[in-house]
Amino acid sequence: MLQANAEAVGESKSEADAGFLWDFWYPAVRSSEIRGQKLVTAMLLEVPLVLGRTSEGKAFAMRDSCPHRGIPLSYGRLDGQVLECCYHGWRFEACSGRCVEIPSLTSQDKLKVERIFAGHYPCEERDGYVWVYMNGSGARLPETIPGAPALAVFSDKYKIIHLSCELPSHVDQGIIGLMDPAHGPFVHQSWFWRKRASIHEKAKQFEPIPNGFRMSPHQPSANSAPYRLLAKMTGESVTTTIDFVLPNLRTEIDRSGKLWFSSRATVTPVRRDLCRIDFAAAWNLPLPVAMFRPFAKKFLRQDQLTMIQQAEGLKYNPRLMLIDDADRQAKWYFALKANLLESRRTGGPMVHPMSGPVTLRWRS
Ligand code: FES
Ligand SMILES: [Fe+2]
């Protein structure tokens, strides 16, 4: 029975294709990490990056490799506008990557310095992160690119926290771990969340949205203490909406009367064997950051430990299964990804794997 409904997870990844989705925004570093003339390194989709800030405060991201001989530009020096390579002193405009000077050239040289570019990527700051638009290697940037994703907020004043943790696995494993409803009662057992004994059958409605799917607005699980607390505070019911959108975004919005809680988790591919969860949450509930942070941290840590253990098993390339309905979201993720790649390849419209609303049932 199980086998009949099971599907292999993912496709085998060739060396060249690490299974990343290019042409999307990914969070690279926290905004607070780049200040003054400091250069900071990061890696996204196996691309080494150097990030910094111009003297006007604009964040930039360049490929951390000098186009001359490949030494990391992060060993160089930033003067507020221009990044100078530490090896032969070629100088590059930080935001455009354009070469502005090659010190070794004489007046006889005909080389058009301004035609040389260091790799550079669009960069935007949002919600305390520097986001980098990872356009496919060698690909030209499209005329217009959408803005980097923003965390939904519903009032002028709110608290916000950021947490992150690394997972020693391919981004696909990180993402399907994020949308997996069945691990909750086992991995996240704790007095403040739920107990294993509280497992019960659930039916949740899902609907297709562009590049993703939504768990339709619903009253959240009655066995979770935080939701019960929220309902008690406002005297009104709590509504939760959870979205997943390619390439890697899971957002959850809980609202009850005037009170709201909004969170976003992204799973970003660093290398094919390493990804990172960045979790940002904002709220206007009377909930001190100092109280929420340890819980969120513990929750993430539980996921991280599990993924570390899973990576031990995945080293030996086991066959994996996705079952109905608890793993249906994971199947949608793989189908969305495949269909997006297919539509990019053919130039045709993207086929959504869901034809309409669906109710999924599982016990958790
Ligand atoms: S390697 Fe950078 S200037 Fe030569
Ligand atoms: Fe989890």
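Start with the whole protein chain in view. This is a predicted model, and its radius of gyration is 23 Å, which agrees with the value near 21 Å that a compact globule of 364 residues would have. Turn the chain along its principal axes and the C-alpha atoms fill a box of roughly 80 × 50 × 40 Å.

Now switch to a cartoon. You should find six helices and 19 strands. Of the contacts with a separation of 6 or more, 60% join residues 24 or more positions apart.

Next, show the surface. About 18700 Å² is exposed, and carbon and sulfur atoms supply 53% of that area. Beneath it, 46% of the 364 residues count as buried. If you colour by charge, there are 46 positive and 37 negative charges to find, and their mean positions lie 5 Å apart.

**Into the core**

Hide the surface and select L51, V132 and M134. Within the largest nonpolar core, which has 63 residues, these three touch the most other members. Helix α6 (residues 328-346) gives this core its largest share, six residues. Apart from this core lies another, of 17 residues; to locate it, select F60, L73, A94 and A118, which are among its members.

Come back to V132 and display its surroundings. Leaving aside residues up to four places away in sequence, V132 touches F24, W25, Y26, A28, L44, L49, L51, A61, Y121, P122 and C123.

**An enclosed helix**

Select residues 171-178, which form helix α2. Is this helix largely enclosed or not, and why? Six of its eight residues are buried, so the rest of the structure largely encloses α2. Pick out the buried ones: V171, D172, Q173, G174, I175 and I176. Then add what covers them, including the strands β12, β15 (239-245), β17 (259-271) and β18 (274-283), together with the helices α5 (289-314) and α6. You have already met α6 as the source of the largest share of the core.

**A loop phenylalanine**

Finish at F154, in the loop between β11 (129-133) and β12 (159-167). Is F154 buried, partly exposed or exposed? Its relative accessibility is 31%, so F154 counts as partly exposed. Show its neighbours: beyond residues up to four places away in sequence, F154 touches I253, R255, W260 and S262. For a last distance, pick the C-alpha atoms of F154 and W283; they are separated by 8.5 Å, although the two residues are 129 apart along the chain.

Technical notes
Residues are numbered from 1 along each chain as its sequence is written. Chains are lettered from A and ligands numbered from 1 in the order in which they are written. This is a predicted model: local features need pLDDT of at least 70, side-chain atom pairs count only at pLDDT 80 or more; totals for chains, interfaces and linings use all residues. Side-chain values use heavy atoms; hydrogens and water are left out. A nonpolar core is a set of buried Ala, Val, Leu, Ile, Met, Phe, Trp, Tyr and Cys residues joined through side-chain atoms within 4.5 Å. Buried means under 20% relative accessible area, exposed over 50%, partly exposed in between (1.4 Å probe, protein chains only). Helices (H or I, at least four residues) and strands (E, at least two) are DSSP runs, numbered from the N terminus. Contact means heavy atoms within 4.5 Å. The radius of gyration is taken over C-alpha atoms; the globule rule is 2.2 Å times the number of residues to the power 0.38. Accessible areas come from the Shrake-Rupley method with a 1.4 Å probe; for residues, only the protein chains shown count as cover. Lys and Arg count as positive and Asp and Glu as negative; His and the chain ends are not counted. The place of a charge is taken as NZ of Lys, CZ of Arg, CG of Asp or CD of Glu.
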